[in-house]
Amino acid sequence: AESTNNGSYWPTNGIQRTEFHTWMTQAYLAGYQVVWEPLSAENRAKFNATAALEFFKTVEGLNYGYQTMLTSWIDTRQDNYPCL
């Protein structure tokens, strides 16, 4: 699952899931540097795929991209804007 804005390489906007081979093709065409890091045995044992999918279903399609990234720095614990 990932969040992107639709554009030249990703036809879907927002939080989404893309079939692995389709995603790899899109990443290659976009010039992305991709590294696959499998979970350790300990973390694989802890991972709850059913819970992850259920959570994903609650956020799929949400518009979470540049807008969120650009505004995420505005609020801090002490103030509304960071020191510039």
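Here is a short back-and-forth on how the labels for this predicted model are earned.

Me: What should I keep in mind about the numbers?
Reply: It's a predicted model, where local features need pLDDT of at least 70 and side-chain atom pairs count only at pLDDT 80 or more, while totals for chains, interfaces and linings use all residues. Residues are numbered from 1 along each chain as its sequence is written, and side-chain values use heavy atoms, with hydrogens and water left out.

Me: What makes up the secondary structure of the protein?
Reply: You get 4 helices and 2 strands, running β-β-α-α-α-α from the N terminus on. Those are DSSP runs numbered from the N terminus: helices are H or I with at least four residues, strands are E with at least two.

Me: Why is Gln-26 called buried?
Reply: Buried means under 20% relative accessible area, exposed means over 50%, and partly exposed is in between, using a 1.4 Å probe and protein chains only. Gln-26 has 11%, so it counts as buried. You'll find Gln-26 in helix H1, residues 20–30. Leaving out residues up to four places away in sequence, Gln-26 touches Tyr-9, Trp-10, Pro-11 and Thr-18, where contact means heavy atoms within 4.5 Å.

Me: And how do you know that Phe-56 counts as buried?
Reply: By that cut-off again: Phe-56 has 7% relative accessibility, so buried is the right word. Phe-56 sits in helix H3 and, neighbours within four places aside, is in contact with Ala-1, Ile-15, Gln-16 and Arg-17. Phe-56 and Ile-15 are 41 residues apart in sequence, yet their C-alpha atoms are 8.5 Å apart in space. Across the protein, 12% of the 84 residues count as buried.

Me: What makes Lys-46 and Glu-42 a salt bridge?
Reply: The label needs a side-chain nitrogen of Lys or Arg within 4 Å of a carboxyl oxygen of Asp or Glu. Here the N to O distance is 3.1 Å, so the pair passes. In general, side chains of opposite charge can pair when their charged atoms come close. Lys-46 and Glu-42 are 4 residues apart in helix H2 (residues 41–46), so about one helical turn separates them. Both residues are exposed.

Me: How many salt bridges does a search of the whole structure find?
Reply: There are 2. Besides the H2 pair, Glu-54 and Lys-57 meet at 3.5 Å, N to O. They are 3 residues apart in helix H3 (residues 49–59), so again about one helical turn lies between them.

Me: Why are Glu-54 and Lys-57 called partly exposed?
Reply: Glu-54 has a relative accessible area of 43%, so it is partly exposed. Lys-57 has 47%, so the label fits there too.

Me: What caps the N-terminal end of H3?
Reply: Asn-48 does: a side-chain oxygen lies 3.1 Å from the backbone nitrogen of Thr-50. Just after H3, Gly-61 takes a positive phi of about 90 degrees.

Me: What makes the nonpolar surface patch?
Reply: Phe-20, Met-24, Tyr-32 and Val-34 make it, at about 380 Å². Patch residues need over 30% relative accessible area and no salt bridge; nonpolar side chains (Val, Leu, Ile, Met, Phe, Trp, Tyr) are joined within 5 Å, like charges within 9 Å. Val-34, in the loop between H1 and H2, has 38%, so it is partly exposed.

Terms used: Areas by Shrake-Rupley, 256 points an atom, 1.4 Å probe, with all protein chains shown as cover. Polar contact = N/O pair within 3.5 Å; in protein donor to acceptor, adjacent residues only side chain to side chain.
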